[in-house]
2 protein chains.
Amino acid sequence: MKNKFYKYIEELQDTITAKLEAIDGVATFKQDLWKRPEGGGGRTRVIEHGAVFEKGGVNISAVHGELPESMQKYFGVKDANFFACGLSLVLHPKNPMVPTVHANWRYFEMYDKEGNIVDQWFGGGQDLTPYYLFDEDATHFHTVCKTACDTHNLEFYPKYKARCDEYFWNTHRNEARGIGGLFFDYCKATDELSLQDWYSFVTEVGNSFLKSYVPIVEKRKDLVYNKDQKDWQEIRRGRYVEFNLVHDKGTLFGLKTNGRIESILMSLPPHVQWVYDHNPEPESPEDKLLQVLKEPKEWIL
Amino acid sequence: MKNKFYKYIEELQDTITAKLEAIDGVATFKQDLWKRPEGGGGRTRVIEHGAVFEKGGVNISAVHGELPESMQKYFGVKDANFFACGLSLVLHPKNPMVPTVHANWRYFEMYDKEGNIVDQWFGGGQDLTPYYLFDEDATHFHTVCKTACDTHNLEFYPKYKARCDEYFWNTHRNEARGIGGLFFDYCKATDELSLQDWYSFVTEVGNSFLKSYVPIVEKRKDLVYNKDQKDWQEIRRGRYVEFNLVHDKGTLFGLKTNGRIESILMSLPPHVQWVYDHNPEPESPEDKLLQVLKEPKEWIL
């Protein structure tokens with residue numbers, strides 16, 4: 001399974017970066033291959049200063065070795081080895097009318113000292129962070145997520161949509177990072193669902209990514225915007241940074257276990273502002289976004 | 001003691017903000033009074049868009065009530081009440097030749113259920129974060145810190161200088177946030193030093209703040225700089241954000257215990273950049289700074 005899934009994310013990385021480069025038309029992804037001293041490595045691809053994408057990364061990695069101590073504590077195990085691979089992407093568009101998107105699909109195996117697999121699971125999801133809210137874009141994104149889920153299990157979309165709203169919650173701001181999508185973890189083989197079933201589900205979601213995001217980019221990338229709107233995007237990007245550095249388990253795990261810092265922090269936006277006590281005008285488009293972030297809503301009724 | 005120290009920081013806030021406004025010449029501090037629902041409140045003063053200070057805050061607060069659960073765990077106590085007051089300041093100058101400065105001086109009391117004081121201590125410090133390193137500025141800052149310490153105890157400067165280097169260490173970057181200064185905490189009455197002695201020490205340090213920083217500002221604020229140097233400042237400010245949001249105990253404590261978010265996060269810089277895998281030219285002024293941050297040095301020999 002680990003080889004099959006790694007091959008899948010390798011190909012998916014190629015598909016996604018090729019499509020995004022075609023959309024951007026100016027910038028291309030710069031590739032960095034890196035090795036992890038303790039085992040494994042990754043293929044980081046970053047785009048910067050594009051016509052459409054101000055900054056973004058589409059990274060894959062496969063790492064293995066002894067389970068770091070902090071992670072042993074987290075999982076409540078001792079003397080375990082692990083293998084983990086996944087694709088992580090974050091795209092920060094230049095135009096504030098185009099939302100930022102994040103996605104991650106991953107597979108994890110844990111071994112005992114003899115090298116036997118003692119646990120294995122999939123995880124992942126994708127979520128959208130708009131600066132200006134177009135209801136039809138949010139509905140489109142969620143519809144693609146739901147369609148991918150529904151092929152496998154009608155309970156998946158409501159369940160993983162709710163988990164996404166829960167996970168990407170900036171507690172100290174009492175608001176969501178964005179308008180959500182899907183979030184799932186510890187997807188393990190059960191009597192009803194084999195590991196192969198989960199593989200089919202996760203790859204279905206991965207394959208749906210471009211369908212969920214690209215039409216929104218195409219529709220909004222050439223909209224006219226002014227400096228105030230760009231400022232608002234940069235202020236909201238500050239909340240993105242706050243979530244990733246204060247709350248995001250994946251980021252903190254990477255920072256605290258000697259991960260490749262530049263690959264982890266490629267998620268941080270290119271230009272960011274913090275303005276003291278910034279509050280948009282009531283009833284403005286900026287305020288409309290905040291109202292939705294304060295109370296995550298259902299996009300498919 | 002709590003009233004005496006609060007009165008001291010009230011006056012110090014006035015002194016510092018008046019002096020900084022005089023230096024800036026354009027912007028003034030905007031004051032926000034706020035109340036903490038569980039007890040106490042603060043006086044936040046923020047300056048933005050100045051000729052010298054792009055953003056900064058000089059805040060005082062005095063809060064009290066039941067010790068929040070996370071803090072009970074931290075201190076290993078149960079059913080305690082507390083009082084805490086302090087002054088916190090961060091200044092982000094516009095000109096990249098002027099360093100960012102941070103300072104904090106605080107006093108803490110802990111009570112049992114009957115309201116008896118069971119513990120009380122001072123803490124604080126001040127530290128400098130340059131974007132371009134002028135050795136003479138670093139030496140000046142540390143000399144003022146040392147002079148304030150030496151009046152009280154010759155062991156204080158080496159001890160608190162070392163603690164500062166240790167505390168402001170961005171572990172995930174393997175570099176210091178800046179070039180240090182002083183950091184002390186849990187300064188409690190002992191056979192040798194009474195609480196009054198600690199009060200004298202902490203206020204001596206607080207009184208030395210303007211002497212440590214203002215001459216540097218005066219000397220560098222009108223230096224010419226170019227866009228590359230401004231970009232470098234904004235990239236380095238990213239490391240400042242990373243430290244404050246990932247590692248700084250004060251910030252995380254505030255965020256996780258329902259503190260006043262806007263007062264806590266006034267420490268974040270106004271404009272920040274994250275550039276993928278940015279490395280300055282070897283031997284450049286930018287690289288010279290990095291070399292010092294990677295290995296904190298003694299500024300007074």
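What follows covers the sheet of chain A, the helix that sits on it, and the way the two chains are related in this predicted model.

Start with the sheet. In chain A, 7 strands line up in the order 1-2-3-4-5-6-9, the pairing is antiparallel, and the sheet is open. Strand 1 (30-35) and strand 9 (180-187) of chain A sit at the edges; each has a single partner strand, so one side of each goes without a neighbour in the sheet. Going from one strand to the next, the twist averages 5°.

Further into the strand order, strand 5 (residues 100-111) and strand 6 (residues 117-129) of chain A run antiparallel to each other, and their pairing spans 12 bridges. To pick out a spot on strand 6 of chain A, A:Asp119 is the residue that A:Met110 stands opposite. Strand 6 also has a helical contact: helix 4 (residues 156-167) of chain A packs on the sheet and touches both strand 6 and strand 9 of chain A. The direction of helix 4 makes about 100° with that of strand 9 of chain A.

Now for the pair of chains. Chain A lands on chain B after a rotation of 180°, with 0.0 Å of shift along the axis and an RMSD of 0.0 Å. The two copies are therefore related as by a two-fold rotation axis. Within chain A, A:Val272 has the C-alpha nearest that axis, at 2.5 Å from it. Both copies use the same surface, since 100% of the contact residues of chain A recur in chain B.

Definitions and conventions
Residues are numbered from 1 along each chain as its sequence is written. Chains are lettered from A and ligands numbered from 1 in the order in which they are written. This is a predicted model: local features need pLDDT of at least 70, side-chain atom pairs count only at pLDDT 80 or more; totals for chains, interfaces and linings use all residues. Two strands pair if DSSP finds at least two bridges between them. Helices (H or I, at least four residues) and strands (E, at least two) are DSSP runs, numbered from the N terminus. Axes are lines fitted to C-alpha atoms, for helices over the stretch in contact, and angles run from 0 to 180 degrees between N-to-C directions. Two residues are in contact if their C-beta atoms, placed from the backbone, lie within 7 Å. Copies are superposed by least squares on the C-alpha atoms of residues with pLDDT of at least 70 in both.
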